[in-house]
Amino acid sequence: HRAWPVVRTVARFELRRLAADGAVRVVLLVLALGVLAGALTGREWRAAQLAAGAEARAADAARLDSLRTVLAERANDTTPLAPFGDPRAPYAAGTSLARRWIVLPTRPLGALAVGHGDLVPGYARVSMLARETLYATEELENPANLLAGRLDLAFVLAVLYPLLVIALGYNVLAAEREGGTLRLLRAQPVPLGAVLAGKALARGGALIAAAVLLVLAGALAAGVPLGEPGALGGLALVVLLVVAYGALWLALALLVNAGRRGSAANALVLLGAWLGAVVLAPSLLAAVVAAWAPAPSRVELVQARREASRDASARAAQALAAFMQDHPELAPPGRPVDAGNAQLRNLAVQDDVARAVRPLTARFERQLARQQGAVDRWRFVSPALMVHGAMTALAGTDAARFRAFEQAGEGYVTRLRDHWAPLVARGARLGPADVDAIPAFAWQEPPLARAARRTLADVAVLALAALALTTVALRRVGRSAIDG
């Protein structure tokens, strides 16, 4: 408690110095501009996602209304069904006329972190045959690469924010040593650690407080709907991330200042630490994980599907026989399967293709899951990766949520297949009521508590690391000599 009055006095004096320092205003202006740019980018991206979802739903409604109208007009049409393109034929409806869009809902904090949305669209068009074509709408990459995405708020916090902390903290004690005032301070009965703590509290506290206010203002500028469930709680977790991340970089600056180097040397050391933590560590982690669990080539996947499709088409009769053996419930009651049913034969061919490429796609999924799991477990090697990952998890733009959306889409394709296949097998004629019986896509939102737990774990790690570095810095400066 003897040191606290010194800390308080030094902090008040340092705040007055900062208020008169033009460099501090420049730092705050850069942070404000970065937050504004990130907020506007996120707002634009979220608006585009919402517009795309609304357009997809409107297109679905218009398509189904049109099909319902056509079927009502042809209710008394007794002409034989055409093999393809006849709106009364279940095959035509299931493959094209009643195709559906599936849309991933945008979370309230989606505007704060674009994340995986740079790589994977939050919507896809599916039909009863589109089992594998979901892969054609995305580029699956290691989550570590997301740090080089759009200039959203997550990018500003993970990459730009530490540089501004460094700009205010690199000479927090070195400037006193170079100006000769450190010797005068040591001549007074005050602990040098208290002086360092007071200066750091003023500089770091001012910047972290400004960052918190700017992030909250940025969330409002980004159009975060505060009234939606989870929005306020998510913003509170973002604030904790900002405080803990800023405290970590401030603590590192204190540790560097506790040595006997000059301001220029301190700046180089801190910039090197930033380069390693923000750029090199994520890139190295991505390279190591990709080498440890390489995903099969997308070209290999496309080629395998192409060959399987050619082989299955060449032996369509055998594919149909195998298909009916696997699905005896589709056989028309009391009569044999019509081997000339082109629609049913196409279903059999598609089923045969899916069976042929399933081992490769399963391997693709396993390797991708291993990659993403490894990056998640080893994210602690880079504080920037921790912050960015936590932000995307809170925003709902992380790889895990997009993968859950893909799996839900694949499950929906199966439901469509199970709905249309019996109608195709018995040669049913569709009516207006059949349009209303088409299964709808159902999305089960992953629990927000999972993202909250991850974020709190990251905050705890960052805070403990900041506390450890600060403790070492204060002990080191307390034992150091004035001039070495």
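User: Before I look at how two helices meet, what does contact mean here?

Analyst: Contact means that heavy atoms lie within 4.5 Å. With that in mind, and remembering that this is a predicted model, we can turn to helix H4 (residues 153–169) and helix H9 (residues 263–292). Ala158, Val159, Pro162, Leu163 and Ile166 in H4 meet Leu270, Leu271, Trp274 and Val278 in H9, and by class this contact has 9 nonpolar, no polar and no charged residues.

User: At what angle do H4 and H9 pack, and how far apart are their axes?

Analyst: In general, two packed helices are described by the angle between their axes and by the distance between the axes. For H4 and H9 the angle is about 165 degrees, and the axes are 10 Å apart. Angles over 145 degrees count as roughly antiparallel, and H4 and H9 are therefore roughly antiparallel to each other. As for handedness, H4 passes H9 in a right-handed crossing.

User: Which residues does Trp249 contact, beyond its neighbours within four places in sequence?

Analyst: Apart from those neighbours, Trp249 is in contact with Pro162, Val165, Ile166, Leu270, Ala273, Trp274, Ala277 and Val278. Trp249 is also among the residues that touch the most other members of the largest nonpolar core, which has 72 residues, and Leu112, Tyr161, Val242, Tyr245, Met391 and Leu462 are named with it.

User: Which helix gives the most to this core?

Analyst: Helix H8 (231–257) is one of the elements that give two or more residues to the core, and H4 and H9 are also among them; H8 gives the most, with 17 residues. A second, separate core of 30 residues includes Leu67, Val126, Phe405 and Ala425.

Notes. Residues numbered from 1 in each chain as written. Predicted model: local features only at pLDDT ≥ 70, side-chain atom pairs only at ≥ 80, totals over all residues. Heavy atoms only, no water. Axes fitted to C-alpha atoms, helices over the stretch in contact; angles between N-to-C directions. Helix = DSSP H or I, 4+ residues; strand = E, 2+ residues; numbered from the N terminus. Parallel < 35°, antiparallel > 145°, perpendicular 65-115°, else oblique. Left-handed = near helix turned anticlockwise from the far one by under 90°. Nonpolar A, V, L, I, M, F, W, Y, C, P; charged D, E, K, R; others polar. Core = buried A, V, L, I, M, F, W, Y, C linked by side-chain atoms within 4.5 Å. Buried < 20%, exposed > 50% of the residue type's maximum accessible area, 1.4 Å probe, protein only.
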